[in-house]
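Here is a quick tour for anyone meeting this structure for the first time. Have a look at it, then read on.

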Amino acid sequence: MYQVGNLVKELSDKHGRMRESLMPILQEIVQKHNYLTDEAMVEVARELDISAAEVYGTASFYTFLDTQVKGKYVIRVCKTITCSMKGKSDIIQTLEDMLKIKIGETTTDKQFSLIETNCIGWCHKAPAILINEMPYTELTPEKVSTIIKDYMQK
Amino acid sequence: MAVRRIELMLCTGTGCVAGGAFRISEALEKEIQKQGLEKEISVIITGCNGFCGHGPLMLVQPDGIFYGFLTPEDIPFLVQEHFLKGRPVKKLMFSPPEKKEPVPLLSEIPFFKKQLLIVLRNRGIIDPEKIDEYIARDGFTALEKVLTSMTPDDVINEITRSGLRGRGGAGFPTGTKWKICRAEQKMPKYIICNCDEGDPGAFMDRSVFESDPLSAMEGMIIGGYAIGASHGYIYARSEYPLAIKRMNLSISSAKDYGLMGKNILGTDFSFDLEIRQGSGAFVCGEETSLILSIEGRGPEPIQRPPFPAQSGIWGCPTVINNVETWATIPVIINRGADWFSKIGTETSKGTKIFSLVGKINNAGLIEVPMGITLKEIVYDIGGGIPDNKKFKAVQTGGPSGGCIPYSMIDIPIDFESLIEAGSMMGSGGMIVMDEDTCMVDVAKFFIQFTNDESCGKCTTCRDGSEALHKVLTDITNGDGKEVDLEFLEEVGNAIKDASACGLGTTLPNPVLSTLKYFRDEYEAHIKERRCPALVCKNLIKYYILPEKCTGCKLCLKNCPPGAIKGELKHIHIIDQSKCTKCGTCLDVCPPKVSAIIKVSGKEMENITGIEEPYPVKRKGGKNET
C-alpha cells in the first residue's frame, strides 16, 4: 500500500478538474504506483467532485487501471493467438516456475506481478511480454529466465 | 556532410539489433579503418527495413545490393572483396529457396519488388526523432501547398477524387466523411486520430508512429484545415510507450518550427494537437466509444447516426480517421488524386499495410497495392510457410474478420472481395495458419477475446459471445453435440443482427467463416472425437512407438509431470493418467529416432497397453515388439 499524499491534488492542478481530466489523472497515478488504492480513488472523486462509484466504474472498465495491489514490476504476457502459436505457454510456465506465482498473482515481496494482456503489437516477433513499459520479444524459456534474473537483481 | 563513394545502410530495427546489428557495425568500422577506406565508405544506422526475417542486414548504396544474415566473421572478407576489389559477395546475398542463383539487388527481391510504399515511404530511411529528416523527404510540403494554394473545398475534392477509403477497417470514403463534417454549422470542430490499435495480430499504427510520426500528424493538420478545426487528439494505446514518446517529441519539434500551433507557416490557420492515452480496453477503438473515453465518460458505444462527423466529441462535429488514413493524406496532396486513384482496384484505391504474421517465413509489415492476390502476399512476399508445412488459411480483420481457406488463395485483396469471402479488411492483420492449426480452436480464441472485451451493453454481444464460447469449449473438449453447429449459426446470426456497434455485429465472423470453410473439422471434433490438427488437448494422446524407441531416457528426463516410465535401453512408456499433453517429449525426441507420435480420434483406442518398460532388442535395425 502506498500513501497518496498530495499526489491527487498536484495531478488535478496539472490536468484540470473536469470530467475529461479523470483518465489522465488515474493513468498518472498508475504510472507512478502501478495500481489504484481505494483511498486514491476516493481522493480523486473528491477533487473532481464526482462520486467515488464513478471513479471506480471508470477504473474497473480498463485493464491497465488496476485496482488490485501490483508489484514493482508488472509482467504482461501477450495472450494473442500469434504468441500462442509461437510458444506462449512455455514462457508462462517458465515465469510461473521462477516467480512461484500463477497468472494473476503478485509475489509476496511485492516485486513482481504476472498477468496476461491483449495483443501488444509484436506479433512478428512472438512470443512477447511487457515488463512495465519495456517490451521483450522472440522469447524462449532461456531468454525469459535471463531477463527475470536481471530484474531480480535490480 | 561529406560525400562518400559507398554508403552502408545498416538496419537497426528491433529484430536486427537482437540479431547483433551493433556488433556488425563495430566490425565494419574496424575493417574499413584497417583497409584505410574511412574516407570512402560510411556506415549509416537506419530504422527498420522490414525484412526482419533476414537480419542482421544492410543495403549497399548507391549500388542497391542487399546483404542478409550477416555475422561479424563475414565482415573482413566482405569489405575486402566488395569494397576494395569490387567483387560483390554472392554467399551473403538473398537466395530464393528453390533457385541456386542469388538475387543481388534489393529492388529485385520479391519481398520488396511486390511492395509499394506510400504510408511506409520513410521507413528505414529517416531518423523518426529528427524533424529535419522528415522535412528533407518532402515533409510538410503538402501542408504548405494546402495552406498557400488550396481552399478547404479543394482539399476535400482532391481527397474525394482520390477514392481513399478509411484504413481502420470499415472502409468509409474519407472525402465524404470530411464533406459531411465541413457542412455542419456547429463550431468548434475536432480532428481525431484513432491509434487504439487492438486487433490481435496488427501493429501498423505502432510502426507508423515509431518510424515516421510526423506523416500522420501532417495529415491531421491538413484535415483540420479542410473541415475548419483547430484542435486535434491522438488517441493512443498505452501498450505502445515508444510510439507515444515519439508523438510527444514530434509535436514539440513541429511547434518549434511553426508547423503546428498558432498561425502555421505565417497564415491565419492555427492547429494544436493533444495526446490521449487508452488504458487497455479494446472497445475504445470503436469511434463512439473512443470519443466517450476522451471525454472521461464510460466508453460504451452509442448508436449511430448521428455519426461523429455530425456530432462527435462534446457533441461537436468531429472527423475521426485511422493512423494509416492520416499518413496517406500528405502523399495524395503532393502527388495528386489522379496518381493515387490509378493504384489499386475499381473500388479500393491506393495501398494497404498488412501485418503478415503467424506461420510465415518473412513475418513483418508489408505495404501492397490493393488488388494483389493473397497468393502473392503469402508466397512471393511472405516466402511461404516454414518447414514445408501446408498452408491452411489466413485470418484477416482481427476478431471481426474471418478465415480464408487455401482454395481461395487467388482472390484479390480489396474491401469487397474480403467481405464476400466472409472476412473483412479490418485494420490489416493477416495471421497465416498451417496444417498444425485447429480452426475450432482459432474460433474459440477470437470469441474468448470478444467475450472479454465486450463492454456489456447489448445482451446479444455480452451473453451471445458467452454462449458461443461455451459451446466452442465443449467442442474442443470433446463434449460437442451435433446440434451445436446449428446453435452456433443461429446465435451467431442473432448477435450480428441485434448488437449496436461494430464489435458486436462482427464478432461472430470467426465462427461463421470457419463453419463455412472448415465444417469438416468441427464435425470431426463432434462425431469422431478427433482433432485433425492434433491441437485440442482433450482429444489427443502422445504415444511412444515401441519399434522406434531406443531407450535414451531423453523424454523421461524432460517430462515436466514425470509421466514417462523407463530406464536406459528400455522401451519407454507414457502413463496417460499423468500426461499433461505439453508435448515436451515430442520436442526432445531426436529427429533420427522420432519415436513419439500424437494421435487423435479412433487411433487413441488403438494404443494397446504395454504396462512396463522392457529392454530394447534390435533385429534388422528394428526393435522387437
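## A proline in a loop

Let's start with a small spot in chain B: Pro188(B) sits in the loop that runs between α8 (174-183) and β5 (190-195). The peptide bond joining Met187(B) to Pro188(B) is cis, with omega at about -5°. Keep in mind throughout that this is a predicted model.

Chain B has another cis bond to show, this one joining Pro305(B) and Pro306(B), where omega is about 0°. To find it, go to the loop between α12 (287-295) and β8 (318-322) of chain B, which is where Pro306(B) lies.

## How the chains are divided

Chain B is split into several domains: domain 1 (6-107), domain 2 (131-340), domain 3 (351-434), domain 4 (439-527) and domain 5 (540-623). For a sense of distance, take the C-alpha centres of domain 2 and domain 5 of chain B, which are 59 Å apart.

Chain A has its own assignment, with domain 1 covering 7-61 and domain 2 covering 73-153. Between the C-alpha centres of domain 1 of chain A and domain 2 of chain A there are 29 Å.

## Chain A at a glance

What is chain A built from? It has 7 helices and 4 strands, and following the sequence you meet them in the order α-α-α-α-β-α-α-β-β-β-α. Along the principal axes, the C-alpha atoms of chain A fill a box of roughly 50 × 30 × 25 Å.

Of the 154 residues in chain A, 55% are buried. If you look at contacts in chain A with a separation of 6 or more, 62% of them are between residues 24 or more positions apart. The accessible surface of this chain is about 7200 Å², and carbon and sulfur atoms account for 50% of that. As for charges, chain A carries 19 positive and 21 negative ones, and the mean positions of these two sets are 4 Å apart.

## Inside the cores

Which residues have the most contacts inside the largest nonpolar core? They are Val155(B), Trp178(B) and Phe209(B), in a core of 78 residues. Helix α10 (residues 213-227) of chain B gives the most to this core, supplying 9 residues.

Trp178(B) is worth clicking on. Leaving aside residues up to four places away in sequence, Trp178(B) touches Val155(B), Ile156(B), Ile159(B), Gly223(B), Ala226(B), Ile227(B), Val319(B), Asn321(B), Trp326(B) and Ile329(B). Apart from the largest core there is another one, of 39 residues, and its members include Ile377(B), Ile381(B), Leu418(B) and Ala421(B).

## Two positive phi angles

Now for a pair of backbone details, one in each chain. In chain A, Glu138(A) has phi near 45°, which is a positive value in a residue other than glycine. Glu138(A) lies in the loop between β4 (134-136) and α7 (141-153) of chain A. Is Glu138(A) buried or exposed? With a relative accessible area of 33%, Glu138(A) counts as partly exposed.

Over in chain B, Ser594(B) is also a residue other than glycine with a positive phi, near 40°. Look for Ser594(B) in the loop between α24 (584-588) and β17 (596-600) of chain B. Ser594(B) is partly exposed, and its relative accessible area is 34%.

Key: Residues are numbered from 1 along each chain as its sequence is written. Chains are lettered from A and ligands numbered from 1 in the order in which they are written. This is a predicted model: local features need pLDDT of at least 70, side-chain atom pairs count only at pLDDT 80 or more; totals for chains, interfaces and linings use all residues. Side-chain values use heavy atoms; hydrogens and water are left out. Buried means under 20% relative accessible area, exposed over 50%, partly exposed in between (1.4 Å probe, protein chains only). Contact means heavy atoms within 4.5 Å. Accessible areas come from the Shrake-Rupley method with a 1.4 Å probe; for residues, only the protein chains shown count as cover. Lys and Arg count as positive and Asp and Glu as negative; His and the chain ends are not counted. The place of a charge is taken as NZ of Lys, CZ of Arg, CG of Asp or CD of Glu. A nonpolar core is a set of buried Ala, Val, Leu, Ile, Met, Phe, Trp, Tyr and Cys residues joined through side-chain atoms within 4.5 Å. Domain bounds come from an automatic or database domain assignment.
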